[in-house]
Amino acid sequence: MYLDKSGNVTEGKSTDTHLASGVPGTVDGMIMAHSKYGRLPFKDVIQPAIDLAEKGFKITSGQAHDMNSNRKLFIERNSFKPAFVKDSLWKEGMF
């Protein structure tokens, strides 16, 4: 997944693109931890994350700065415009 047609590593693909996401492994780890140690129903544990994903959340000034600082890199390293790359710069309090 991170190699070009010649089998060489594509610089930044595993760290700076949508393919860098560790979400599948993270989710599996949380499910395994919950099945071993969890006491609350799993649906109650994940509901806050579902709410944030569906309704959004206001970003901090630090998050806005990070998104704006990496904007050019996000565009260069992805084959499509990522959803978090806005036409205007991010500002604190935006969704």
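In the predicted model, Phe74 is buried, with a relative accessible area of 18%. This value falls under the 20% limit that defines a buried residue. Phe74 takes part in an aromatic pair with Phe84, and a search of the whole structure finds 1 such pair. The geometry is edge-to-face, with the ring centres 4.8 Å apart and an angle of 80° between the planes. Phe74 belongs to helix α5, which spans residues 71-77, whereas Phe84 is located in the segment after α5; the pair therefore ties together parts that are 10 residues apart in sequence. The two partners fall into separate accessibility classes: Phe74 counts as buried, while Phe84, at 38% relative accessibility, counts as partly exposed. The latter assignment follows because 38% lies between the 20% and 50% limits.

Helix α5 also contains Lys72. With a relative accessible area of 60%, Lys72 is exposed, so helix α5 carries both this exposed lysine and the buried Phe74. The separation between Lys72 and Lys43 was also computed. These residues are 29 positions apart in sequence, and their C-alpha atoms are 38 Å apart in space.

With regard to secondary structure, the chain comprises 5 helices and 0 strands. Read along the sequence, the elements follow the pattern α-α-α-α-α.

The overall dimensions were examined next. For a compact globule of 95 residues, a radius of gyration near 12 Å would be expected, but the chain has a value of 17 Å. Along the principal axes, the C-alpha atoms fill a box of roughly 45 × 40 × 20 Å. Of the 95 residues, 11% count as buried, a class that includes Phe74. Among contacts between residues at least 6 apart in sequence, 41% join residues at least 24 apart.

The surface and the charges complete the description. The chain exposes about 7,700 Å², and carbon and sulfur atoms supply 60% of this area. The chain holds 13 positive and 11 negative charges, and the mean positions of the two sets are 3 Å apart.

Notes:
Residues are numbered from 1 along each chain as its sequence is written. This is a predicted model: local features need pLDDT of at least 70, side-chain atom pairs count only at pLDDT 80 or more; totals for chains, interfaces and linings use all residues. Side-chain values use heavy atoms; hydrogens and water are left out. Helices (H or I, at least four residues) and strands (E, at least two) are DSSP runs, numbered from the N terminus. The radius of gyration is taken over C-alpha atoms; the globule rule is 2.2 Å times the number of residues to the power 0.38. Buried means under 20% relative accessible area, exposed over 50%, partly exposed in between (1.4 Å probe, protein chains only). Contact means heavy atoms within 4.5 Å. Accessible areas come from the Shrake-Rupley method with a 1.4 Å probe; for residues, only the protein chains shown count as cover. Lys and Arg count as positive and Asp and Glu as negative; His and the chain ends are not counted. The place of a charge is taken as NZ of Lys, CZ of Arg, CG of Asp or CD of Glu. Rings of Phe, Tyr and Trp (its six-membered ring) pair if their centres lie within 6.5 Å; planes under 30 degrees apart count as stacked, over 60 as edge-to-face and the rest as tilted.
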